[in-house]
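Me: Can you walk me through reading which side of a helix faces inward? I'd like the general idea, then the case here.

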Amino acid sequence: MSDAPAPKPASSVRIGCAGWSIPTRAAHLFGAGDSHLERYATRFDVVEINSSFYRPHQAKTWSRWADTVPLGFRFSVKLPRQITHEARLVEVDTLLGEFLDQVAGLGAKLGGFLVQLPPSLVLDMRVAEAFFGLMRQRVEVPIACEPRHPSWFDAEATDLWGGLFAHPRGRRPGTRGGSGVARRSKVRALALLAPARLAADVLQPLRRPGARATGAAASAARHGDSAGVVHF
């Protein structure tokens, strides 16, 4: 594990990327390390693991990732598509249990879960309450949901988020600005930016102490552009 502390955010907002691949043109902006993840962690203190959506990882892989980064680093983990897109949140107790057993290797560095839903999935309150209630029983870390059907942004859905503390990510389809989600105390925002924007919009401004991100980075932090904003 890296002995260096994770970069301390200037505020309660953590900014990171979906994945930790480092473009060659931006390599000089990162510190030294034996892997892309270790080097990534010299500049960012959070990352989204997207690969978990497509395939499972061995327990030792999760543990290795956790051992690679500093103590203050956090991982946001995307739920498998078998749960969200194939089973569509229905009768997933076994699948969810198997996934949580794998992710346990992250230990205290598990920062939250991302539940991305397919655009065709219409809100069914009974299914949603059962699924998110199950998740809330089994995990203590924050849960973020990225619904992509307009029905998930109605008043009925807002009551669901308020009761279960799962917050919609990004914007209501076809609208501009925030989604008006329910919030709880000490809310933190995790802005996840596309890796292609690293050099121009995130890392270059961070080279100057006290500088503020501009362009796509600032827009993403404000409005949920690019990969969106998750409210924890």
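Me: What covers the buried residues of α4?

Reply: The cover includes α2 (59–68), β3 (74–78), α3 (81–86), β4 (110–116) and α5 (125–138). Helices here are DSSP runs of H or I, at least four residues, and strands are runs of E, at least two, numbered from the N terminus. This is a predicted model, where local features need pLDDT of at least 70, side-chain atom pairs count only at pLDDT 80 or more, and totals for chains, interfaces and linings use all residues. Residues are numbered from 1 along each chain as its sequence is written, and side-chain values use heavy atoms, leaving out hydrogens and water.

Me: Which residues of α4 are buried, and why do they sit on the same side?

Reply: General idea: an α-helix has 3.6 residues a turn, so residues three or four places apart point the same way. In α4 (residues 93–103), the buried ones (under 20% relative accessible area, 1.4 Å probe, protein chains only) are L96, G97, F99, L100 and V103. They share a side of α4 because they cover an arc of only 165° around the axis, taken from the directions from the helix axis to the C-beta atoms. On the other side, T94 and D101 are exposed (over 50%).

Me: And where is S151, buried or exposed?

Reply: S151 is in the loop between β5 (143–146) and α6 (155–164). Its relative accessibility is 15%, so S151 counts as buried. Leaving aside residues up to four places away in sequence, S151 touches V122, L123 and A157, contact meaning heavy atoms within 4.5 Å. A polar atom of the S151 side chain lies 2.9 Å from the backbone nitrogen of L123.

Note on methods:
A polar contact is a pair of N or O atoms within 3.5 Å; within protein, one must be able to donate a hydrogen and the other to accept it, and residues adjacent in sequence count only if both atoms are side-chain atoms.
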